[in-house]
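This report looks at how one chain is arranged, beginning with its core and ending with a single loop residue.

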Amino acid sequence: MSDRSLRGMRLGAQSMETESGVEPAPRQRVEYRCADGEQVFVTFSSEAEIPPVWVSKTGKEALLVNGEKPVDSNEKAVRTHWDMLLERRSLPELEQILADRLKILRERRGERRSA
């Protein structure tokens with residue numbers, strides 16, 4: 001039985017196929033540069049669309065070297081709850097509402113203490 005065993009082979013860990021005759025897909029190396037001068041090199045497929053901005057490993061935004069500058073979109077800024085509130089009410093109105101609500105709250109607390 002020992003003469004039939006596979007010796008020196010890691011089953012499942014390695015492929016039995018060789019890489020002879022296999023050509024990798026065409027690639028291109030693209031350079032990006034951060035505002036502080038840090039260079040970032042990224043490898044893309046030759047058919048891939050190259051993004052104008054890339055986030056480096058350090059978390060900084062890097063711009064494509066010799067490429068088009070990214071177009072700033074004219075998207076609307078995100079409106080916060082406070083912005084929407086100011087569209088409906090003026091600051092004096094909000095101060096009056098706050099004073100009224102605080103008065104009601106203080107009256108309730110005063111009733112609870114005496115009860």
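Which residues make up the largest nonpolar core?

## Basis of the model

This is a predicted model, in which local features need pLDDT of at least 70, side-chain atom pairs count only at pLDDT 80 or more, and totals for chains, interfaces and linings use all residues. Residues are numbered from 1 along each chain as its sequence is written, and side-chain values use heavy atoms, with hydrogens and water left out.

## Nonpolar core

The largest nonpolar core (buried Ala, Val, Leu, Ile, Met, Phe, Trp, Tyr and Cys residues joined through side-chain atoms within 4.5 Å; buried means under 20% relative accessible area with a 1.4 Å probe, protein chains only) consists of 8 residues: Val30, Tyr32, Cys34, Val40, Val42, Phe44, Ala62 and Leu64. At least two residues of this core come from each of β1, β2 and β4, strands being DSSP runs of E with at least two residues, numbered from the N terminus.

## Sheet and hairpin

The open sheet has 4 strands in the order β2-β1-β4-β3, with antiparallel pairing, where two strands pair if DSSP finds at least two bridges between them. Its edge strands, β2 and β3, each pair on one side only.

Between β1 (residues 27–34) and β2 (residues 39–45) there are 7 bridges in the antiparallel sense; Val30 stands opposite Val42, and Gln28 opposite Phe44. In the hairpin of these strands, with 4 residues between them, Gly37 takes a positive phi near 95°.

## Ser56

Ser56, in the loop between β3 (53–55) and β4 (61–64), is buried, with a relative accessible area of 6%. Not counting residues up to four places away in sequence, Ser56 touches Cys34, Glu38 and Val40 (heavy atoms within 4.5 Å).

Definitions and conventions: Buried means under 20% relative accessible area, exposed over 50%, partly exposed in between (1.4 Å probe, protein chains only).
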